[in-house]
Amino acid sequence: MHIRTTLALLTPLVVVAACGTTAAPAGQPAKPKPSPPAAAWRPCAGGEGAECARVKVPLDWERPAGAQIEIAIARRKAPKSEGTIVYLPGGPGQSGVETLKASKEFGGLEKRYDIVSLDPRGVGESSPLTCPSDQVMAVDPQRVPTSDARLAALKESSARLAEACRKLTGPVFDHLDSAGAAKDFDLVRQAIGADKVTVYSHSYGTLLAQEYAARFGSRLRGAVLDGVMDHSIDRRTFTVSAAKALEESFGQFAQWCAKDKECAVADPAAAYRRVLAKAERGKLGEDEAGRPWTPYTVTATIDAMLFTPSWPAAGMFLNALDKGKPWKTDADDTMPKRLNYADPILCQDYAMAYRDAAAVKADLAAAAAVAPTMRYSPNALKAVLACQGWPAPVKNPQRPAVSKAVTPLLLLQSRYDNATPPAWAENVARQLGDRARLTVLPDWTHAMKLYNRGCQADYAAGYLTSLTLPPATPRCTSTPPGVTTTP
């Protein structure tokens, strides 16, 4: 899960019927639900070799015969296909259609298998949650709301944003939960002509995979969950476990700095504390957007750099701010007037509301107890804060994971992933029991393991092709970008 504002530009077309049933007269068997029409594939605009289609699904799954929306899907066909693998993208907010359009490769599996992906409802071209960019940026946290006045102001701003988003998005605004997306996915399965599907899911897409396994496990040949979401945990556990993961990830970065001359700062923890102190006093200057650096934005920048991880960049960032120099990147901050702002999709899958600032402080204290250096996870906290004052219903609240699939799900998890903490994967594995295999990799990245060299990609590919389960505690690892030595 990498909470971010997502700008998506997507594509094109098919038709599918709603899954309704008509009651049969007494004494007669019920008629089977009609299958949706086959996907009408056509070349994607701007995606050489990729094909696109659209699948119609119910707007509201509680009223399956009512209004419909369309789910955008994409495909890359193999030269001689041995089957189909479906990629469920992360985020929330990543476009699976754009991913397939942009890349002809899928870990080498594209040579043997058709690769299909989709934009989940609320994302990309699937009735995107659309919002005014200026109001989105206005609620982007710069400081943690630790007073009742600040929390109330955040809730008011969020409610105003939600009203603007509702007007731009339409009625799907209240129907963006992952349970509904799983039902959409089963209609997609039917539209692509698959009796069973083989799934590769990443980050927030692993929640969609879990929802599908719980409802349609008999249609699941197998599924890789790479960077696992835990849908059973409450707000406190969500924030505290993420803080601990960031603390451990930063600790690995600090150990690398202590032994590698490529690191621009000798003692990252000490430099970080000095930079935070300057930010707290308002003495750190401004970021590229012209906003004053705050403790939150400093920590959020480090947090994001550790996802990859980008250890050399993190060292240069701390060194620059510690020495009073501006931090500049090549990022293009230009934004359109409207954004596909998918972050609040999480608010329909998780109950995250704060009653008052005392609850915020209690979460922060619990987080700081397990993360004395970093204090909290900005990535997790941003997800929680996005839900404050957000009026859409929590349609798919937290509950333990269940799988009806015959084949155990493969949970692939990096030991030092600060975006989806290993504690989440471990908890989901406990809930699923023999319905899952958890493989914890001695690794630092949140990136898709299918693209990592060596055994990580081999484990994912071996499972997707032959359902071979890797060892639970492998010894192989990968090397972070720009790094020659590891902790």
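**Entry 1: cavities**

I began with empty space inside this predicted model, and I noted that the largest cavity holds about 140 Å³ of space. Rolling a probe the size of a water molecule over the atoms shows where empty space is left. With a threshold of 30 Å³ or more, I recorded a count of 4 cavities.

I then asked which residues lie nearest the centre of the largest cavity. Its lining is made up of 16 residues, and those nearest the centre are Pro92, Pro120, Ser178, Tyr204 and Ile345. When I sorted the lining of the largest cavity by class, I found 9 nonpolar, 5 polar and 2 charged residues. I also looked up helices that take part, and α4 (178-191) and α5 (205-216) each supply at least two residues of that lining.

Next I turned to the second largest cavity, which has a volume of about 110 Å³. Its lining has 13 residues, and Val139, Asp140, Tyr341, Leu385 and Ala386 are the ones nearest its centre. The elements that give two or more residues to this lining are α2, α3 and α11. By class, I wrote down 9 nonpolar, 2 polar and 2 charged residues for the second largest cavity.

**Entry 2: helix α3**

Since α3 had come up in the lining of the second largest cavity, I looked at this helix by itself. How far apart should the ends of its 22 residues be? Helix α3 covers residues 148-169, and at 1.5 Å a residue it should span 32 Å; its end C-alpha atoms are 31 Å apart, which agrees.

I then listed the residues of α3 that are buried, and these are Leu151, Leu154, Ser158, Leu161, Ala162, Ala164, Cys165 and Thr169. The buried residues of α3 pack against β6 (130-132), α2 (133-139), α10 (357-370) and α11 (378-386). Just after the helix, I noted that Gly170 takes a positive phi of about 95°.

**Entry 3: nonpolar cores**

Last, I looked up how nonpolar residues are grouped. In soluble globular proteins, nonpolar side chains tend to be buried together. The largest nonpolar core has 89 residues, and I asked which of them touch the most other members. The answer I wrote down was Phe238 and Leu409.

I followed Phe238 further and, leaving out residues up to four places away in sequence, found that Phe238 touches Met1, Ile233, Leu346, Met352, Ala380, Ala383, Val384 and Trp424. There is also a second, separate core of 29 residues, including Leu276, Met305, Leu318 and Trp327.

Conventions. Residues are numbered from 1 along each chain as its sequence is written. This is a predicted model: local features need pLDDT of at least 70, side-chain atom pairs count only at pLDDT 80 or more; totals for chains, interfaces and linings use all residues. Side-chain values use heavy atoms; hydrogens and water are left out. A nonpolar core is a set of buried Ala, Val, Leu, Ile, Met, Phe, Trp, Tyr and Cys residues joined through side-chain atoms within 4.5 Å. Buried means under 20% relative accessible area, exposed over 50%, partly exposed in between (1.4 Å probe, protein chains only). Contact means heavy atoms within 4.5 Å. Helices (H or I, at least four residues) and strands (E, at least two) are DSSP runs, numbered from the N terminus. The expected span of a helix is 1.5 Å times one less than its number of residues. On a 1 Å grid over the protein atoms alone, a cavity is a set of points where a 1.4 Å probe fits but cannot get out, and a pocket is an open set with protein on both sides within 12 Å along at least five of seven lines; lining residues have an atom within 4 Å of a point. Grid points are joined across faces, edges and corners, and a volume is the space filled by probe spheres set on the points. Ala, Val, Leu, Ile, Met, Phe, Trp, Tyr, Cys and Pro count as nonpolar, Asp, Glu, Lys and Arg as charged, and the others, Gly among them, as polar.
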